[in-house]
Amino acid sequence: MRGLLKTLTIGFVAVNVITFALAYLFPVGKGLVDTFSLILFFESAMIMVFGGLLGTFLGRIIFYTPFGYFKARDTTGKDESDEKRTDAGIPLVVLGIILIAESVLLAALSI
């Protein structure tokens, strides 16, 4: 839990700094807050998609490679590989949800 919170905090700060720089350099909306919330919305959507893809592909790679969890099925029933799964993309998906909530809140406050 401590590692997840640290990852989310570092990601949140990094994305907000990058978004602020982009909003300052490339103004799109009426003001800085409008541009910031618009860019943040698109970045958070990309982060969520990347997190989902990372979790899917990394999970398949870990499952199907020789060093992974996929083993020959035993004939008695459940195998160990049925209960194993990876949560590789979950921090990025959670970060994307937090950033979307922030962008919606900023957009609502700027109206």
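Gly11 sits in helix α1, and with a relative accessible area of 15% this glycine falls under the 20% cut-off, so it counts as buried. Keep in mind that this is a predicted model. Gly11 has company on the inside of α1: the buried residues of that helix also include Leu8, Val15, Asn16, Thr19 and Ala23. Along the chain, Gly11 is 85 residues away from Gly96, yet the two C-alpha atoms are 9.7 Å apart in space.

**The overall layout**

What is the protein built from? It has three helices and zero strands, and the order from the N terminus is simply α-α-α. Of its 111 residues, 25% are buried. Take the contacts with a separation of 6 or more, and 64% of them join residues 24 or more positions apart. The accessible surface adds up to about 8000 Å², with carbon and sulfur atoms holding 73% of that.

Two of the helices can be set side by side, with their reach taken from the first C-alpha to the last:

| Helix | Residues | Reach | Expected at 1.5 Å a residue |
|---|---|---|---|
| α1 | 24 residues | 35 Å | 34 Å |
| α3 | 21 residues | 30 Å | 30 Å |

For α1, the reach is close to what is expected, and α3 also comes out close to its expected value.

**Helix α3 and its two sides**

Helix α3 covers residues 90-110. Its buried residues are Leu95, Gly96, Leu99, Glu102 and Ser103. Why do they line one face of the helix? Looking down the axis of α3, the buried residues fall within an arc of 125 degrees, so they line one face. Over on the other side of α3, Leu105 and Ala108 are exposed.

**Helix α2 meets α3**

Now for Ser44, which has its place in helix α2, residues 32-64. Is Ser44 buried or exposed? Its relative accessible area is 0%, so this serine is buried. Setting aside neighbours within four places in sequence, Ser44 is in contact with Gly96, Leu99 and Ile100. Gly96 and Leu99 are already familiar as buried residues of α3, and Gly96 is also the residue whose C-alpha lies 9.7 Å from that of Gly11.

Phe41 belongs to α2 as well. This phenylalanine has a relative accessible area of 38%, which lies between the 20% and 50% cut-offs, so it is partly exposed. Which residues does Phe41 touch, if those up to four places away in sequence are not counted? They are Ile100 and Ser103. Ile100 turns up among the contacts of Ser44 too, while Ser103 is one of the buried residues of α3. Then there is Leu99: Phe41 and Leu99 are 58 residues apart along the chain, but 7.1 Å separates their C-alpha atoms.

**A nonpolar patch outside**

On the surface, Phe20, Tyr24, Leu25, Phe26 and Leu32 make up a nonpolar patch, and together they offer about 590 Å² of accessible area. Which helix gives the largest share of the patch? That would be α1, residues 2-25, with three residues. Tyr24 is placed in α1, and at 62% relative accessibility it is over the 50% cut-off, so it counts as exposed. Ala23, by contrast, is listed among the buried residues of α1.

Methods: Residues numbered from 1 in each chain as written. Predicted model: local features only at pLDDT ≥ 70, side-chain atom pairs only at ≥ 80, totals over all residues. Heavy atoms only, no water. Helix = DSSP H or I, 4+ residues; strand = E, 2+ residues; numbered from the N terminus. Buried < 20%, exposed > 50% of the residue type's maximum accessible area, 1.4 Å probe, protein only. Contact = heavy atoms within 4.5 Å. Patch = residues over 30% accessible without salt bridge, like charges linked within 9 Å, V, L, I, M, F, W, Y side chains within 5 Å. Areas by Shrake-Rupley, 256 points an atom, 1.4 Å probe, with all protein chains shown as cover. Salt bridge = Lys/Arg side-chain N within 4 Å of Asp/Glu carboxyl O. Expected span 1.5 Å × (residues − 1). Arc of directions from axis to C-beta.
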